[in-house]
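Reader: I'm new to this structure and would love a close look at a single part of it. Could you pick the place where helices meet a sheet, take me through it slowly, and then wander outwards from there?

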Amino acid sequence: MNLLDKLDAAAALRKAQLPEAVGAFGIPIEEVYSSTEARIGENRVLLFGTNNYLGLSFAPECLKAAHEAIDNEGTGTTGSRMANGSYFGHRELEREFADFYQCRESIVFTTGYQANLGTIAGLVGPGDVALIDGDSHASIYDGCTLSGADVIRFRHNDAADLDKRLRRLGDRSTVTLIIAEGIYSMLGDQASLADIISVKNKYNSLLLLDEAHSLGVLGDTGQGLVEKTGMMEGVDFITGTFSKSLCSIGGFCVSNHPQLNQLRFISHPYIFTASPSPATIASTRAALKLLRNGTKLREQLWKNAHQLYSKMSEIGYKLGPEPGPIVAAILDNPKQALALWQGLLEYNIYVNLILPPAAPENKSLVRCSINAAHTSEQIQYVGETFAKLYTEIGLD
Ligand code: PMP
């Protein structure tokens, strides 16, 4: 089989698995009206499948900052952070993240994906160990591959299993980077951070926490799980993204270890890519201010999340283990998930469809992401539609 034949075989497999799935992935959005509504095809739909947790994608402060940056600094930096791509805004944003987390060091990357790649591959290498939660995001897996370190998975959110694996590593636990996530993107559950940190301390390893989905969502000022749990001291590196609560694109890593700064000179995903555009940096800085002062937005977000989670569990859907902005219905098979997803779209609701092997344990998910801008009426409509489809599809 040549290289192109292999792609044809993969396409055939995909079609055989999901003949009707055409359109489920990479769905064309024709127009965006707000952080909760858009047009798909001819229909105005409710957006319940975005990571826009604080609903800031049209915040006037962010729009204004982005416009001004385009006018003053142009459309792109046309260069790497390492060369000509570190403008005043990039450096200010790093200072602002360091201040936000009260951390000594902070690095801004071009995407959240690259923040994980660059940080992981900068910290561990051949001979070291990356000990990662089994449900880790692809960017964590890819960072590990890039690093050349030995990759070991511990059972999802299971500190006892983590302990067992570190014990087996013996002396190598001191060259081990443990990696967990604040909120896991598939089922919306939170890391058992206190347990993970106490195991980490026992074996003298380092811990990286990806707060991609928890930044802006957890903690009084929105730092994430570190703030909610008061465990900042126990985490060595925090990575995160600008593409969710901050509504732009980019990523960061903060740490109290001064050595983080060295990554600027060795980390390929930092060096060999162009830096974020001035407009991106400007809107992110404006959004970070709103996020830090966003107590009301967080309260609304959690109220909305509880409204949908309790409605869906009342209907009888099997859900992720705890309420939160990610509410995932777990279906028995891809066919059911697809039927539910299509049914929702017919009622003008867009959510995410996740099919094997993308979800943990080969689960099929219909995943909703709630944001602070959703109204109670919109959530009620979504809940009622889920209820109708529960019987229509025969899930009862
Ligand atoms: N980490 C996690 C846990 C994620 O879910 C994502 C994106 N879905 C990323 C990192 C990558 O972020 P970005 O899309 O901003 O590159």
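Author: Start with helix α12, residues 295–315, which lies across β11 and β14 and runs at about 15 degrees to β11. Bear in mind that this is a predicted model. A second helix, α13 (residues 334–346), lies across β11, β13 and β14, at about 30 degrees to β14.

So what are these helices lying across? It's an open sheet of three strands, in the order β11-β14-β13, with antiparallel pairing. The edge strands are β11 (326–331) and β13 (352–354), each of which pairs on one side only. On average, neighbouring strands here are turned by 25 degrees against each other, if you ignore direction. Now zoom in on β11 and β14: strand β14 covers residues 364–369, and six bridges join this antiparallel pair. One spot to click on is V327, whose bridge partner in β14 is C368. While you're looking at the strands, here's a handy bit of background: strands of a sheet pair through backbone hydrogen bonds, either parallel or antiparallel.

You can find both kinds of pairing a little further along. Strand β2 (residues 37–40) and strand β3 (residues 43–47) pair in the antiparallel sense over four bridges. The two form a hairpin with two residues between them, and G41 in the turn has a positive phi of about 60 degrees. Right there, I40 stands opposite N43 in β3. Strand β3 has another partner too: two bridges join β3 to strand β12 (residues 349–350), and these two run parallel. Look for L47 here, as its bridge partner in β12 is Y350.

Next, side chains. Take R44 and Y33: the charged end of R44 sits over the ring of Y33, 4.1 Å from its centre.

Then there are the aromatic rings, which come to eight aromatic pairs. One of them is F242 with F252: the ring centres are 6.5 Å apart and the planes sit at 10 degrees, so this pair is stacked. The pair links distant parts of the chain, 10 residues apart, with F242 in the loop between β9 (237–241) and β10 (251–255), and F252 in strand β10. Are the two buried or exposed? F242 is buried, with a relative accessible area of 0%, and F252 is buried as well, also at 0%. They have company, too: F97, F100, Y101, F242 and F252 form one aromatic cluster.

Finally, the cysteines. How many disulfides does the structure hold? The count is zero. You can see why with C103: the closest cysteine sulfur, in C253, is 8.8 Å from the sulfur of C103, too far for a bond. Turn it around and the story from C253 reads alike, since its nearest cysteine sulfur is that of C103, 8.8 Å away, and C253 is in no disulfide. As for where these two sit, C103 is buried, with a relative accessible area of 9%, and C253 is buried at 0%.

Methods:
Residues are numbered from 1 along each chain as its sequence is written. This is a predicted model: local features need pLDDT of at least 70, side-chain atom pairs count only at pLDDT 80 or more; totals for chains, interfaces and linings use all residues. Side-chain values use heavy atoms; hydrogens and water are left out. Rings of Phe, Tyr and Trp (its six-membered ring) pair if their centres lie within 6.5 Å; planes under 30 degrees apart count as stacked, over 60 as edge-to-face and the rest as tilted. Buried means under 20% relative accessible area, exposed over 50%, partly exposed in between (1.4 Å probe, protein chains only). A charge sits over a ring if NZ of Lys or CZ of Arg is within 6 Å of the ring centre and within 35 degrees of the ring normal. A disulfide is a pair of cysteine sulfur atoms within 2.5 Å. Two strands pair if DSSP finds at least two bridges between them. Axes are lines fitted to C-alpha atoms, for helices over the stretch in contact, and angles run from 0 to 180 degrees between N-to-C directions. Contact means heavy atoms within 4.5 Å.
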